[in-house]
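Trainee: I should like to learn how to read individual features of a model, beginning with a single residue. Please take me through them in turn.

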Amino acid sequence: MRMSDSRRLISLTIREAWWRLSRRLVLGRMSFIRFSGTTPDRLIVAPTDLRVIDPHIASEIVAGRFPLAGRILETDGESPFEVDLPSREFAIRLHTFSWARHIRALTEEDDLSRARQLVSRWLATHGRGIKGIAWEPDVAAQRLIAWLSHSPVILKQADHVFYRRFLKSLAVHVRYLRHVANAVPDGEGRLQVRIAIAFATVSMPASGSAIRRAARHLDDELDRQILPDGGHASRNPRVALDLLLDLLPLRQTYVNLGHDVPVKLIPSIDRMFPALRFFRHQGGELALFNGATSAQANELMSVLRYDETAGQPFKGLPDSQYERLAAKDVVVIMDTGCPLSAALSREAHAGCLSFELSSGRHRFIINSGAPRFAGERFRQMARVTAAHSTVTVEDRSSARLSTSRFLGPIITGGVTEVSVTHSPGEGGDSVVARHNGYAGAFNLMHERDLSLNAAGTTLRGRDRLVTVDGADPDPAHTASAVARFHIHPAISLRQADAHEVKLVAPDGDSWVLTCRDGVIVVEEDIFFADPSGLRKTQMLTIGFSAGEQPEIQWVLYRRT
């Protein structure tokens with residue numbers, strides 16, 4: 001390990017130790033009594049939930065079956081909050097109550113009462129003890145928003161006793177989240193807490209000072225986490241979608257009730273829309289970078305129908321560090337960055353200079369994406385460079401992922417510098433980028449050049465390994481490299497010869513990958529981000545050597 005890496009690890013360890021000590025001092029001993037206080041006498045408004053409703057899931061829940069996080073829990077009449085749960089991911093989904101929205105699809109009074117019964121059971125089991133997954137801050141924040149949004153269903157035909165218990169628990173949620181907000185790790189979870197508190201102050205009776213304070217704290221967090229180009233500080237395209245699903249109803253709630261809208265809220269939303277469209281492929285799906293998982297077209301449309309910014313997507317997001325090439329119905333998106341901080345890298349992927357290509361309604365070249373519900377082992381597998389459509393050297397990742405239980409799964413080294421040149425032209429656009437992720441281990445830099453012609457029929461690529469000073473590696477350099485092209489499961493492959501493979505979509509749209517500088521090998525692969533779970537697919541690989549052949553050129557052209 002290099003001395004600079006050792007110093008970085010020491011610094012990160014000290015910072016984590018100080019953070020944990022500070023957090024423990026802030027949190028202290030959690031108890032229901034600590035956060036008890038006055039109970040509001042009513043709810044003022046139920047915010048809108050923009051998320052898609054599925055009547056089938058509602059029917060399953062009413063029947064005592066919970067299809068959450070890729071698993072199904074049969075309760076056999078028992079409370080789901082008192083049985084062993086299939087996984088941590090399942091427990092998180094269950095305790096957020098985000099599934100309560102589906103019950104709105106039902107019409108029978110007995111079915112609608114199921115939501116109230118489940119809230120009552122949760123209160124009996126977890127309402128007096130602030131501990132465990134149920135009270136992790138981001139879970140509690142999502143539950144608070146869900147309870148407020150679906151309170152008309154939860155409180156329908158409720159008696160006075162339940163009504164008071166429900167309102168009392170909402171108040172405890174708010175006081176608890178206010179207390180822990182600054183101790184929540186940096187990132188989306190902390191912003192979710194601030195959004196939930198802001199929702200509560202306008203949905204329940206609150207003083208003017210409380211409303212203004214919640215708005216001010218929300219502004220501060222939006223200012224920190226929403227970058228000038230509209231991307232989220234995590235660099236995860238999916239995070240912007242999830243945040244907008246809450247920020248849009250929050251904005252409307254402020255407006256409808258005549259409150260002053262937080263100063264940063266509307267500008268942040270307006271910046272996020274173009275960034276979200278930047279990552280949108282032609283078929284409506286989001287690109288899979290840095291922890292992004294599946295996002296269906298109807299999810300995106302439920303948000304984008306509120307987009308008033310219009311215009312074509314940007315060609316680059318300089319703060320989020322991505323580039324986009326587009327022509328006709330072809331889109332190429334490329335990752336040209338690295339984590340903005342160690343704290344924000346817990347779900348970041350080692351995918352620098354990876355790219356995705358979509359044509360028409362189909363994605364052809366993808367990254368493997370993050371699994372939506374799988375366990376930690378698969379989450380970490382999805383983060384390595386080999387799970388991305390880019391180059392690996394000696395099968396090592398361009399970023400070092402921590403295996404320390406103390407530090408957690410942060411990125412501790414690797415890519416720290418990326419140079420980018422985006423050159424638009426009448427004949428098409430091109431991007432040339434270079435990163436230093438392999439400089440310490442191999443004295444090598446990976447340079448990638450992508451150019452898409454104006455007709456959207458040809459993508460030319462060049463992958464090159466150079467030394468840190470920009471020269472060709474010594475011929476005796478023994479490091480081997482592999483360029484990977486992960487293929488979407490819907491695409492079929494037909495290999496013509498060792499240097500040419502045809503990629504065919506279900507509707508007949510087809511592209512051909514050719515490379516005269518190396519042999520193209522078809523290999524088995526796993527698509528982590530499929531909505532149904534892990535899915536088998538294929539990838540194409542091209543091997544080359546730093547010393548003997550430091551550069552390969554390849555072409556993807558559309559066959560009509």
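Trainee: Where is the place of Ser-149?

Mentor: Ser-149 has its place in helix α6, residues 137–149. Helices (H or I, at least four residues) and strands (E, at least two) are DSSP runs, numbered from the N terminus. The model is a predicted one, in which local features need pLDDT of at least 70, side-chain atom pairs count only at pLDDT 80 or more, and totals for chains, interfaces and linings use all residues. Residues are numbered from 1 along each chain as its sequence is written, and side-chain values use heavy atoms, with hydrogens and water left out.

Trainee: Is Ser-149 buried or exposed, and which residues does Ser-149 touch?

Mentor: Buried means under 20% relative accessible area, exposed over 50%, and partly exposed in between (1.4 Å probe, protein chains only). With a relative accessible area of 10%, Ser-149 is buried. Leaving aside residues up to four places away in sequence, Ser-149 touches Ala-46, Pro-47, Thr-48 and Asp-49, where contact means heavy atoms within 4.5 Å.

Trainee: How should one read the packing of helix α9 against helix α10?

Mentor: Two packed helices are described by the angle between their axes and the distance between the axes. Axes are lines fitted to C-alpha atoms, for helices over the stretch in contact, and angles run from 0 to 180 degrees between N-to-C directions. Here the axes of α9 (residues 188–203) and α10 (residues 208–225) come within 9 Å and cross at roughly 155°. That makes α9 roughly antiparallel to α10; angles under 35 degrees count as roughly parallel, over 145 as roughly antiparallel, 65 to 115 as roughly perpendicular and the rest as oblique.

Trainee: Which residues make the contact?

Mentor: Among them are Leu-191, Ile-195 and Ala-198 of α9, and Ile-211, Ala-214 and Leu-218 of α10.

Trainee: What is to be noted about phi in Leu-353 and Asn-443?

Mentor: Most residues other than glycine have a negative phi, and most peptide bonds are trans. Leu-353 has a positive phi, near 70°, and lies in the loop between β5 (330–335) and β6 (355–359). Its relative accessible area is 0%, so Leu-353 is buried. Asn-443 also has a positive phi, near 55°, and lies in the loop between α15 (439–442) and β13 (444–453). Asn-443 counts as partly exposed, at 39% relative accessibility.

Trainee: How many helices and strands are there in the protein?

Mentor: The protein has 15 helices and 21 strands. Of its 560 residues, 54% are buried.
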